[in-house]
Amino acid sequence: MSKQNNRSIRKGAAILILIFGSLFFVLAGRFFYIEVTGKANGQLLASRAEKAHTHKSTIEAHRGTIYDRNGTAVAEDTTAYTVIAILDKDYEDHVKDPEKTAEKLAPLLDMKEDKLLSLLTRKGAFQVELGPGGRNINHELRAKIEKLNLPGIGFKESSKRFYPNGEFASHIIGYAQKNEKGETVGMMGIEKQFNDALTEKDGYMTYESDSTGLKLPNPKESIVAPKQGKDVYLTIDQKIQVFLEESMSEVQKEYEPSSIIGIVANPKTGEILAMSNRPGFNPNQRNIQNFGNSAISSRFEPGSTMKIFTLSAAVDAGVYNGDELYESGSYKVGGSKIGDHNNGVGWGPITYNEGVQRSSNVAFAKLAMEKIGPDRLMEYFKKFGLDKKTGINIPGEVGSKFVYNKPLEQVTTAFGQGSAITAIQQIQAVTAVANDGKMMKPYVVKKVVDSQKDKVISETKPEVVGKPISAESAKEVRKLLRTVVTGEHGTGAAYDIDGYEVAGKTGTAQLAGENGKYLTGRENYTFSFMGMAPADDPELVMYVAVKQPHLKAYETGGKPVAEVFNPTMQKSLQYLQVKPSEEEKEKTKSSETKYGNTLDSYVGSSVEEAKKELTGKGLSPVIIGNGETIAEQQPAPGSRIIYGNKVFLQTDGSPTMPDLTGFSYRDVLEISELLNLKTAVSGHGYVAKGSQSIKKGASLENKSLLSVELHSAKKAAEEKRGDSDDEQEESSDSNAPLD
C-alpha cells in the first residue's frame with residue numbers, strides 16, 4: 001500500500017473520529033441539560049409523563065329542576081338514548097342484514113327506510129348514530145327496539161331535558177335544548193330567564209394509570225365535585241293548571257278560536273296559580289306556533305272588563321249613585337256619538353245599577369265625562385297600574401298603549417275600546433278590588449334553591465304595589481259586580497256556578513282590521529270575563545279571553561268563555577277546600593253533590609264498604625290491588641270532590657296497574673301521585689285505548705315512568721262503547737252451546 005493511500009486512510013479516520021466525538025459531546029451535553037433542567041423541547045418531562053399516565057373521568061352534573069309550588073317536577077333531566085349501529089364486520093356483533101334492519105327500525109324511529117339504509121351501509125365506518133329519529137329516545141322506545149333482537153344495534157346513554165306534562169304551562173316554562181357544544185341551554189320562558197341558575201357544571205376525577213388506563217396501586221386520586229344546577233320553584237299549582245289546560249283544550253277543539261288566554265291568581269298574594277295560552281305547544285316536541293306568552297306579551301282592547309276600573313273610580317271618588325236615572329241608548333261626545341250594545345237603542349231611562357248590569361256604554365261614558373272627569377279617571381287608571389308593566393318575573397312582558405287625548409278617546413277608553421292593555425295588567429289591577437283595596441304584584445317564580453347546600457338563593461315575597469281604592473269601595477264594587485252575574489238584567493248569568501258566589505264583568509271587544517277599521521261579523525270579537533270568588537272575600541281571581549271563536553247560530557260569544565271559566569273556577573275552589581256559601585247551599589240544598597262532597601277517610605275500611613258508600617254519594621271508586629282492606633286513597637281525606645269524579649283506593653298488598661282507558665289528565669295525575677309514579681303525557685283529552693306504557697295488571701315500582709297518550713272526548717266515548725260491545729259479545733259467546 002502506498003504512502004499516499006495510508007495518508008488518505010488516516011485522514012478519513014481522523015474525520016470520522018472528529019464527527020463521532022462531536023456527536024458524543026452533543027448527546028452528553030443534551031443528557032446533562034435534561035438531567036439538570038428536567039426539560040425537553042421547552043416542556044417538563046415529568047409533567048408529560050404524568051399526563052401520559054393520568055386518567056380523567058367526568059362526573060356528570062344535572063341541570064336544575066323546575067317545580068310547581070308543591071314540589072312536583074314540571075321540567076327535569078332524564079335519561080335518554082341514542083340508537084347506534086356497529087358496521088365493522090371484524091366486530092362479532094355487527095349489522096348483518098342492513099335491509100331488514102332498516103325495514104324494522106323505520107316505523108319506530110319515524111324515519112324513511114332509504115335514509116336508514118344509507119346510514120347502515122356507510123363505507124369505512126366502525127359505527128354510526130341513527131339520527132335524527134334515533135336521538136334522545138326514551139326508555140319505552142328503547143325497550144321496543146331491543147325486542148326486535150337486531151344484530152349490531154345498540155344504545156348510547158345520555159341525558160335530555162324532559163317535560164313530563166307535555167303542553168302544560170309551556171309558555172311559562174319554555175324549553176331548553178343542547179347547543180353545538182352539547183351544552184343544555186334555555187331557549188324560552190323560565191328555562192331562558194333563569195338559565196344561569198339552572199345551568200350545571202360537570203365535575204371530574206383524576207388518577208394515575210398504566211398505558212392501558214388501568215388504575216395503579218397508589219393512584220393519587222383527585223376529585224372535583226360536580227356543581228348541580230339550582231332548582232326553580234314556581235307559584236303554579238299543578239292541579240289548578242291542569243283544570244285550566246283541560247277546559248281550554250276542550251274549547252279549542254270545539255270552537256277553534258284564533259287564541260285563548262287564561263289566568264288564575266291568588267288576589268291576596270299576587271301568586272299566579274295557573275296561566276295558559278292557545279295555541280300552545282309541547283316543549284318535548286317544540287311544535288311552536290306562538291313563541292310569545294300572550295297573557296303578558298299581547299296588548300289588546302279589553303272591552304267591557306275595563307269597566308271594572310271605571311266603576312271602581314266612580315265609587316271611590318264618591319260620585320256613583322246607583323239609583324240615579326239616566327237616558328240609555330246613545331251619548332254624544334266631541335262631535336261623535338257612541339251607542340249601547342243593542343244597536344244604540346238602549347232601554348230607556350234606567351238606573352246606573354241597571355246600566356252596570358247591562359254593561360251600558362252610555363252609563364260608563366257619563367260616569368267618565370260627567371261624574372269623575374277624564375283627568376281624574378286617568379289618575380285612577382294609573383293608580384291601578386294600567387299605564388305600565390307589572391314587572392312579573394317571567395320574560396316577555398309588554399306595556400299598555402293608551403289613546404286618551406280627545407274626548408271620544410277618553411270615553412271609549414272608559415268602556416274598554418281604543419286603548420290597549422295586557423291580561424296580566426288586568427289581573428294585577430283587579431286584585432285591588434278583590435283584596436280590599438290592596439293591589440298585589442303578580443309573580444310566577446316563588447324561589448330559587450341550591451339543593452346541594454339546602455339553601456334558598458332567592459325568594460319572592462308578596463308585594464303591595466298600590467292602594468288605588470279604599471277597602472269600603474272595593475267591597476261596594478264587588479257587590480255591584482255580583483249583580484252582573486245574578487241580577488235580572490245581568491250580562492254574566494252564564495258564569496253563575498253551583499256552590500259559590502261569583503262576582504265579575506263580561507267583555508266583548510271589537511277587533512281592528514289591517515286598515516284600522518273594526519271588523520264586522522258576530523265572531524270578530526274578543527269575548528272575555530274577569531271573575532272572582534267567593535264574592536264577599538275572594539280566594540281566586542280569574543281572567544279568560546277567547547278571540548274569534550266559531551259559534552253556532554244559537555250560541556253567544558260568552559259560551560266558550562264560560563266553558564273555560566266555570567269548571568276551572570269551581571274545581572279550583574273545591575280543590576282549595578273553600579267552603580260553599582250559605583246562600584248557595586240553600587239554592588242547591590237538594591243535592592250537595594252538585595257543588596262537591598268533603599271526602600271522608602276510607603283507610604282501614606273494607607273494599608266493599610268503601611265502594612258502597614262512595615257510589616251512594618255519586619262518586620266513582622277505582623280499586624287498585626287485590627286486597628280486602630283500603631291502605632291508601634287519593635284524593636286525600638278532607639278534599640272536596642265533585643259529583644261523578646273518581647276516588648282511587650289502593651288496597652293492602654302489592655298494587656297493580658289498572659286500565660286507564662278513558663281517564664282524564666287529572667285522573668292520571670291523581671293515580672300517579674297515589675302510586676308514586678312519574679308521568680309523561682302527550683295530547684289532550686282522555687287516555688287513548690292501549691296507549692299506557694305500564695300495562696293493565698303489571699306490578700308497580702316506585703318512580704316508574706307512566707306515559708299515556710290523550711285524545712278527544714268523542715274518541716274516548718267511541719272506545720268505551722267499543723269495549724262495552726266487546727264485553728257483550730264475550731258474554732254472549734260464553735253462554736253459547738258447545739259443539
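Contact means heavy atoms within 4.5 Å. Keep that cut-off in mind for the whole tour.

This is a predicted model, where local features need pLDDT of at least 70, side-chain atom pairs count only at pLDDT 80 or more, and totals for chains, interfaces and linings use all residues. Residues are numbered from 1 along each chain as its sequence is written, and side-chain values use heavy atoms, with hydrogens and water left out.

**Stop 1: the whole chain**

Show the cartoon. The chain has 22 helices and 35 strands. Helices (H or I, at least four residues) and strands (E, at least two) are DSSP runs, numbered from the N terminus. Of the 739 residues, 49% count as buried. Buried means under 20% relative accessible area, exposed over 50%, and partly exposed in between, with a 1.4 Å probe and protein chains only. Take the contacts between residues at least 6 apart in sequence: 69% of them join residues at least 24 apart.

**Stop 2: Glu-670**

Select Glu-670, which is found in helix 21. Is Glu-670 buried or exposed? Glu-670 counts as buried, at 10% relative accessibility. Leaving out residues up to four places away in sequence, Glu-670 touches Lys-239, Gln-634, Pro-635 and Phe-648. Show those four side chains.

**Stop 3: the second largest cavity**

Stay with Glu-670 and Lys-239; both line the second largest cavity. Add Val-242, Arg-666 and Leu-669 to complete the lining. A cavity is a set of points on a 1 Å grid, over the protein atoms alone, where a 1.4 Å probe fits but cannot get out; lining residues have an atom within 4 Å of a point. Rolling a probe the size of a water molecule over the atoms shows where empty space is left.

About 30 Å³ of space lies in this second largest cavity. The volume is the space filled by probe spheres set on the points, with grid points joined across faces, edges and corners. Helix 9 (238-255) and helix 21 (665-675) are the elements that give two or more residues to its lining. Helix 21 supplies the largest share, three residues. By type, the lining has two nonpolar, no polar and three charged residues. Here Ala, Val, Leu, Ile, Met, Phe, Trp, Tyr, Cys and Pro count as nonpolar, Asp, Glu, Lys and Arg as charged, and the others, Gly among them, as polar.

**Stop 4: the largest cavity**

How many cavities of 30 Å³ or more does a search of the whole structure find? The search finds two. The largest holds about 50 Å³ of space. Select its lining: Glu-167, Ala-169, Ser-170, His-171, Ile-172, Glu-245, Met-275, Ser-276, Asn-277, Arg-278, Gly-280 and Phe-281. Helix 6 (170-173) and strand 14 are the elements that give two or more residues to this lining. Strand 14 gives the most, with four residues. The lining divides into four nonpolar, five polar and three charged residues.

**Stop 5: the sheet around strand 14**

Color strands 14, 13, 27, 26 and 25. They form an open sheet of five strands in the order 14-13-27-26-25, with antiparallel pairing. Two strands pair if DSSP finds at least two bridges between them. Strand 14 (272-278) and strand 25 (503-510) stand at the edges, each with a single partner strand, so one side of each is left without a neighbour in the sheet.

Zoom in on strand 13 (residues 259-265). Strand 13 pairs with strand 14 in the antiparallel sense over six bridges. One to select is Val-264, whose bridge partner in strand 14 is Ala-274.

Now bring up helix 17 (residues 471-486). Helix 17 lies across strand 25 and strand 26 (525-533), running at about 65° to strand 25. Axes are lines fitted to C-alpha atoms, for helices over the stretch in contact, and angles run from 0 to 180 degrees between N-to-C directions.

**Stop 6: backbone exceptions**

Most residues other than glycine have a negative phi, and most peptide bonds are trans.

- Arg-278 and Pro-279 are joined by a cis peptide bond, with omega about 5°. Pro-279 sits in the loop between strand 14 and helix 10 (294-297).
- Ala-533 and Pro-534 are joined by a cis peptide bond, with omega about -15°. Pro-534 lies in the loop between strand 26 and strand 27 (540-547).
- Asn-149 has a positive phi, near 50°. Asn-149 lies in the loop between helix 5 (139-147) and strand 7 (153-162), and is exposed, with a relative accessible area of 65%.
- Glu-256 has a positive phi, near 45°. Look for Glu-256 in the loop between helix 9 and strand 13.

Note on methods:
1 Å grid on protein atoms, 1.4 Å probe; cavity = no way out; pocket = protein on both sides within 12 Å on 5 of 7 lines; lining within 4 Å.
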